[in-house]
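The following exercises concern one protein model. Each consists of a task and a solution worked in steps.

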Amino acid sequence: MPDVARFSRQLSFSFGDAPLWSAVELEGALTREAHRPVRLTLTENRSVLLSFRKRPSAIEVRLHRMFLHAPVKVVRAVAKGLRRTNRAADGEVRRFMNENLHRVRKVRKTLPRLETTGQAHNLREIYERLNRKFFGGRLRVPLTWGRGSGRARRGGLTFGSYDPVLGLIRVHPVLDRRDVPLYFIESVVYHEMLHHHMGGVPDRAGRTVYHSRAFREAEARYSGYRTALAWEKVNLPHLLRASAELDRARKAKASSSRN
Ligand SMILES: [Zn+2]
């Protein structure tokens with residue numbers, strides 16, 4: 001799951017160059033391209049960069065201010081998305097948002113130290129294999145073993161997460177065990193790679209949907225998908241215990257290094 005809380009704060013952003021549009025020009029371009037009146041509101045909301053609502057009189061569009069810097073082809077793609085009834089995310093718009101997310105942060109984009117060599121599993125090898133197989137080797141997204149500092153979801157564990165601001169995949173260290181099959185880690189890493197690749201899609205109410213139908217279909221293309229789900233079901237209690245142990249060990253280490 002993308003870490004929404006992490007980037008829902010309002011932050012200033014900066015582009016080195018001047019914007020390509022004024023708000024009025026952008027609204028005009030969207031209206032022309034969508035063939036429908038558009039009422040544009042610019043936002044600095046970093047959790048929802050793009051949302052819209054169809055009203056009888058106009059389409060109300062909320063766009064992050066970064067779109068003032070969007071090239072024409074991106075604005076066209078946004079307008080096309082306003083006309084569409086199905087919500088499959090447009091690649092052009094998604095790419096633009098992904099590429100510019102780091103600009104909406106107040107702090108510099110700094111990645112943690114990337115740790116991919118584990119005790120039992122090598123994340124980099126897993127990632128590269130998946131990248132070749134599913135993305136033609138074109139995906140560029142850093143990944144690391146996480147610290148395993150919780151964020152347990154109800155009845156389970158967050159095995160992987162994608163941070164859209166850092167563009168970083170984290171994998172829970174509880175999976176770095178010999179008794180965790182490779183296909184399970186692969187399914188987790190592949191899921192997060194898809195988050196990076198597909199981004200969020202606005203639904204009819206303008207909320208951002210990450211696990212869209214297109215996402216679920218893509219996810220199921222991984223041949224071990226069903227086996228992985230079945231394995232998780234059987235082994236979750238075991239993993240929860242292992243994760244609690246990791247947690248205790250981490251806390252013990254932290255307190256002993258303080259004394
Ligand atoms: Zn997810």
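**Exercise 1. A strand pair and its sheet**

In which sense do strand S2 (residues 50–54) and strand S3 (residues 59–64) pair, and over how many bridges?

Solution. The model is a predicted one, in which local features need pLDDT of at least 70, side-chain atom pairs count only at pLDDT 80 or more, and totals for chains, interfaces and linings use all residues. Residues are numbered from 1 along each chain as its sequence is written.

Step 1. Helices (H or I, at least four residues) and strands (E, at least two) are DSSP runs, numbered from the N terminus. Two strands pair if DSSP finds at least two bridges between them. S2 and S3 pair in the antiparallel sense, over five bridges.

Step 2. Two of the partnerships can be named: Lys54 has Ile59 in S3 as its bridge partner, and Leu50 stands opposite Leu63 in S3. The connection from S2 to S3 is a hairpin through four residues.

Step 3. The pair belongs to an open sheet of three strands in the order S1-S3-S2, with mixed pairing. Strand S1 (38–43) and S2 stand at the edges with a single partner strand each, so one side of each is left without a neighbour in the sheet. On average, neighbouring strands of this sheet are turned by 15° against each other, direction ignored.

**Exercise 2. Two helices beside each other**

At roughly what angle do the axes of helix H1 (residues 23–34) and helix H2 (residues 72–83) cross, and within what distance do they come?

Solution. Step 1. Axes are lines fitted to C-alpha atoms, for helices over the stretch in contact, and angles run from 0 to 180 degrees between N-to-C directions. The axes of H1 and H2 come within 8 Å and cross at roughly 55°.

Step 2. Angles under 35 degrees count as roughly parallel, over 145 as roughly antiparallel, 65 to 115 as roughly perpendicular and the rest as oblique. H1 and H2 are therefore oblique to each other.

Step 3. Contact requires C-beta atoms, placed from the backbone, to lie within 7 Å. On the H1 side, Leu26, Ala29, Leu30, Glu33 and Ala34 take part; they meet Val75, Arg76, Val78, Ala79, Leu82 and Arg83 in H2.

**Exercise 3. The second sheet**

In what order do the three strands S4, S5 and S6 form an open sheet?

Solution. Step 1. The order is S4-S6-S5, and the pairing is mixed. Strand S4 (143–145) and strand S5 (160–163) stand at the edges, each with a single partner strand, so one side of each is left without a neighbour in the sheet. From one strand to the next, the twist averages 20°.

Step 2. S4 and S6 run parallel and are joined by three bridges. Leu143 has Ile169 in S6 as its bridge partner. H5 packs on this sheet, where it touches S4, S5 and S6, and its direction makes about 20° with that of S5.

**Exercise 4. The nonpolar cores**

Which residues of the largest nonpolar core touch the most other members?

Solution. Step 1. A residue is buried if 20 or more other C-beta atoms lie within 10 Å of its own, exposed if 12 or fewer, and partly exposed in between. A nonpolar core is a set of buried Ala, Val, Leu, Ile, Met, Phe, Trp, Tyr and Cys residues joined through C-beta atoms within 7 Å. Of the 259 residues of the protein, 29% count as buried.

Step 2. The largest core has 26 residues, of which Leu143, Ile169, Val171, Leu175, Ile185, Val188 and Val189 touch the most other members. At least two residues each are supplied by helix H4 (123–135), strand S6 (168–171), helix H5 (182–198) and helix H7 (225–258). The largest share, eight residues, comes from H5.

Step 3. Beyond its neighbours within four places in sequence, Ile185 is in contact with His121, Ile126, Leu175 and Val180. Another core, of 23 residues, lies apart from the largest one; Leu30, Val38, Val74 and Phe96 are among its members.

**Exercise 5. Two positions in H7**

Is Ala230 buried or exposed?

Solution. Step 1. Ala230 has its place in helix H7. Ala230 is exposed, because 10 other C-beta atoms lie within 10 Å.

Step 2. Asp247 is also placed in helix H7. With 15 other C-beta atoms within 10 Å, Asp247 is partly exposed.

Notes:
Contact = placed C-beta atoms within 7 Å.
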